[in-house]
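I opened this entry to look up how aromatic rings pair in the model, and where the paired residues sit in the chain.

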Amino acid sequence: MTPIDALAWVHVRDRRLLSVRTNGKEKFYLPGGKREPGEGDVEGLCREIREELGVALDPLSFRFFALLDEKADGFADGRRVRMTCYTADHTGEPEPSAEIAEAAWLRAADAAACPPAGQRVLRMLAEAGLVD
């Protein structure tokens with residue numbers, strides 16, 4: 001089974017990780033999503049973050065964070081997600097769009113509110129001393 005191919009923005013402020021919950025979901029996800037046909041990582045992630053949070057990522061500031069292969073949330077068939085994560089500078093203040101029910105700034109102790117990929121990123125950030 002082909003894994004879900006996703007992009008994610010890892011954004012830490014005040015030792016907390018920005019996460020979003022989409023309408024109809026219980027878990028908090030890393031902001032981002034799937035690329036459109038023909039989109040590269042930078043183009044796709046810039047579009048997704050603009051759509052979800054209304055901020056502009058600086059394409060020249062992208063830094064690779066991690067490539068994750070984790071169990072996908074919400075699939076009973078054992079599907080996996082292959083998530084390429086980046087950090088990037090931005091302009092604007094993140095504000096949830098209509099598709100986002102809420103945004104939250106999570107600590108490592110909040111990992112249970114996230115699917116496996118988000119839990120792993122929080123663990124990586126905590127091990128690096130970047131989140132509480």
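The notes below go through the ring pairs one at a time.

Entry one. I kept in mind that this is a predicted model, and I looked up the aromatic pairs, of which the structure holds 2. For Phe62 and Tyr86 I found ring centres 5.5 Å apart and planes at 50°, so I noted the pair as tilted, since an angle that is neither under 30 degrees nor over 60 counts as tilted.

Entry two. I then asked which parts of the chain this pair links. Phe62 sits in the loop between strand S5 (56–57) and strand S6 (63–71), while Tyr86 belongs to strand S7 (residues 80–87), and the two are 24 residues apart. I looked up accessibility as well: Phe62 is buried, with a relative accessible area of 15%, and Tyr86 is buried, with 12%.

Entry three. Turning to Phe64 and Tyr86, I found ring centres 6.1 Å apart and planes at 80°, so this pair is edge-to-face. Phe64 lies in strand S6 and Tyr86 in strand S7, so the pair ties together parts 22 residues apart in sequence. Is Phe64 buried or exposed? I noted Phe64 as exposed, with a relative accessible area of 53%, because the cut-off for that class is over 50%.

Entry four. Putting the pairs together, I recorded that Phe62, Phe64 and Tyr86 are linked by ring pairs into a cluster.

Conventions: Residues numbered from 1 in each chain as written. Predicted model: local features only at pLDDT ≥ 70, side-chain atom pairs only at ≥ 80, totals over all residues. Heavy atoms only, no water. Phe/Tyr/Trp six-rings, centres within 6.5 Å; stacked < 30°, edge-to-face > 60°. Helix = DSSP H or I, 4+ residues; strand = E, 2+ residues; numbered from the N terminus. Buried < 20%, exposed > 50% of the residue type's maximum accessible area, 1.4 Å probe, protein only.
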